[in-house]
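Visitor: I would like to learn how to read helix packing and burial in a model like this one. Could you walk me through it?

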Amino acid sequence: MNLDIIIFFIYLLSMLGIGLYFTRRASTSPDHYLLGDRKLGAPVTAISMQSTSMSGFMFMGGPAQAFQEGWHALWYAIGDAGGSIVNISVLGKRMRRLSQLLGSLSPIEYLENRFESVAIRVVGAVIAIVFLFSYAFAQFIAAGKALEAMSGFSYEWALIIGVGIIITYTVAGGYLAVAVSGFIQGVIMFIGVTAIGIMVLPEVGGLTGLNESLRSIDPSYLSIWGKDLIYYGQWGVIIGAVLIYAIGYMGLPHVVVRHMSMEKPNTAKQAVLWSAGFNQLFTFTPYILGLSAIVIMPTISDPEMVIPELVYTFFPGVLSAILLSAIMAAIMSTCDSLLMQAGTTLSRDVYHRFINKRASQKQVLLVSRLCILIGGVIGIIVATYQPPTVFTLVVFAFGVLGNTFLVPYIASVYSRKANKVGVLCAMIGGSVTNIFWELFSLQGITGVHPFLAGLILSVMAMLLGNLFGKTPPSSPVLEAFELAKLNRDIPKNLEKGIHEGLAIEAQNITKFIRNKEKVTNIALPANAKMGR
Amino acid sequence: MFGLPVETALLMLPWPLIWIALGIFMFIKFGREEKHEAQRNVEKGDDAK
């Protein structure tokens, strides 16, 4: 076995080690397994949020898009660079507080508790399960392809080894393993892509030299409207391209769960700064590398392999193995979070909510692990058939999830008047619009990006639903909503997530949720509604 | 700038600075909120620690 393959497998085994390290902690309670006991600090929150959001698309789809469309593709990078900053700024503190006040362990459960509607949980769970698994399966294929190219194994073996490791550490270590590995993978991605950028950019004469070369090949590569000015005058496409990543992350359940797991609401303060720095240093480089490939390797047959080809061209074997680990890191950090969230939705939002309401903590944990395992195995089987256009599937699933949940999550922390009818209309309106826009290729006819169309329809549906919905939220939920607002007093011990042994409030909440006992001496009247 | 057409340079290049400015602004905003909350809790005699 070559030294570079050995290095690559050391990386994979390290990820496995992280999962196994957290196994014991993850087994203590659903809070530990599903949310890492709400103990994540700022760097882990910020970097794992971004690495989870970006996926293998960043290393394969993004550069390919830049290779094909020129500078127009940078609109996606611009949105991506602001994604987690906007996400933490808008949702971070409030969602952290409100999710704890409502006793919610999953992002779908949070919506049900906030808007007091079983229908929201049913619709949300169905859409989340379908599209999270679709998204995860697309990542499986990307993982298999990447590992096949790097290790020389057959696609089937590469798939089983790569995805097998992801499934194992996710099942064993739960959310904490996923978040910590996401942080480490984010750092690896950053080092990897920066090293490649440092080698490649001087080769094309820096940014100015690169642009001069692109101009000489085809000046439209430098246009904001795309190669051959294909999107000329279509601001709807450009705004949609920026928004899909700039605000779309706020609609992804596997991303917003990072807010719920922050150590305390004020973790958002440091996290937003970490995001601002990390994103600007990282997100643009893969696209610039895609542009560089137009000059360096214009005849490359598969544009999605731009970065691996650049690595093999500029780095010796051992170094290339380390750098290519970054691609696997990007895929794995998204894949594990998707699996984790899909498993959480199945166990917490389906099994515990509808099938076995009296399930013990151990049963919920077991079901969660089984769901991830079974989903993963099914994913491997589906991925062996390699459905075409992997990244089209990624963008589609991303868009539908974003259009389904974005408006409800924002409304949950900012709109006192939002009611369950409005939220249901927003979820269905947003998702259906996105699906139809993609199915009938309406972007070409209207000049409006599917995400922008879904967002507009989702907002309109929310406003109309709120108007006709006759059921305002109950007073306990409204009190929790007010408590979760910024600049409102909330006991520090609850805010920090200190557990039942220390905080009387948390103790009462926990009692109420778990035993449905009457809450006495409670400091938070909002809890009257909590805990299904 | 950087050999880009004016339109592309003006519309695309400022974005990293805009995002960093937003990050710093939010950091300061969250910091102030944290301070005010701590102050109010102390004034109320809440166990702010």
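Visitor: Which residues in α4(A) meet residues in α13(A)?

Guide: Happy to help, and please keep in mind that this is a predicted model. To find such residues, look for heavy atoms within 4.5 Å of each other. Here, α4(A) contributes A:Ala42, A:Pro43, A:Thr45, A:Ala46, A:Ile47, A:Gln50 and A:Met54. From α13(A) come A:Thr267, A:Gln270, A:Ala271, A:Trp274, A:Ser275, A:Phe278, A:Asn279 and A:Phe282. Sorted by class, this contact has nine nonpolar residues, six polar ones and no charged ones.

Visitor: At what angle do α4 (residues 42-54) and α13 (residues 267-282) of chain A pack?

Guide: Picture a line along each helix. The angle is about 45 degrees, and the axes lie 7 Å apart. α4(A) and α13(A) are therefore oblique to each other, and their crossing is right-handed.

Visitor: How many residues of helix α7 of chain A are buried?

Guide: For burial, check whether a residue has under 20% relative accessible area. In α7 (residues 107-115) of chain A, nine of the nine residues pass, so this helix is largely enclosed by the rest of the structure. A:Glu109, A:Glu112 and A:Arg114 are among the buried residues, as are A:Tyr110 and A:Phe115. Just after α7(A), look at the backbone of A:Glu116, where phi is positive, about 50 degrees.

Visitor: What does the UniProt annotation for residues 12-30 of chain B say?

Guide: An annotation is best set beside the model. The unreviewed UniProt entry labels this stretch "transmembrane region". In the model, residues 12-30 of chain B are 89% helix and 0% strand, with end C-alpha atoms 28 Å apart.

Key
Residues are numbered from 1 along each chain as its sequence is written. Chains are lettered from A and ligands numbered from 1 in the order in which they are written. This is a predicted model: local features need pLDDT of at least 70, side-chain atom pairs count only at pLDDT 80 or more; totals for chains, interfaces and linings use all residues. Side-chain values use heavy atoms; hydrogens and water are left out. Axes are lines fitted to C-alpha atoms, for helices over the stretch in contact, and angles run from 0 to 180 degrees between N-to-C directions. Helices (H or I, at least four residues) and strands (E, at least two) are DSSP runs, numbered from the N terminus. Angles under 35 degrees count as roughly parallel, over 145 as roughly antiparallel, 65 to 115 as roughly perpendicular and the rest as oblique. A crossing is left-handed if the near helix is turned anticlockwise from the far one by less than a right angle, and right-handed if clockwise. Ala, Val, Leu, Ile, Met, Phe, Trp, Tyr, Cys and Pro count as nonpolar, Asp, Glu, Lys and Arg as charged, and the others, Gly among them, as polar. UniProt positions are given in the numbering used here, feature names are shortened, and annotations may be inferred rather than shown by experiment. Buried means under 20% relative accessible area, exposed over 50%, partly exposed in between (1.4 Å probe, protein chains only).
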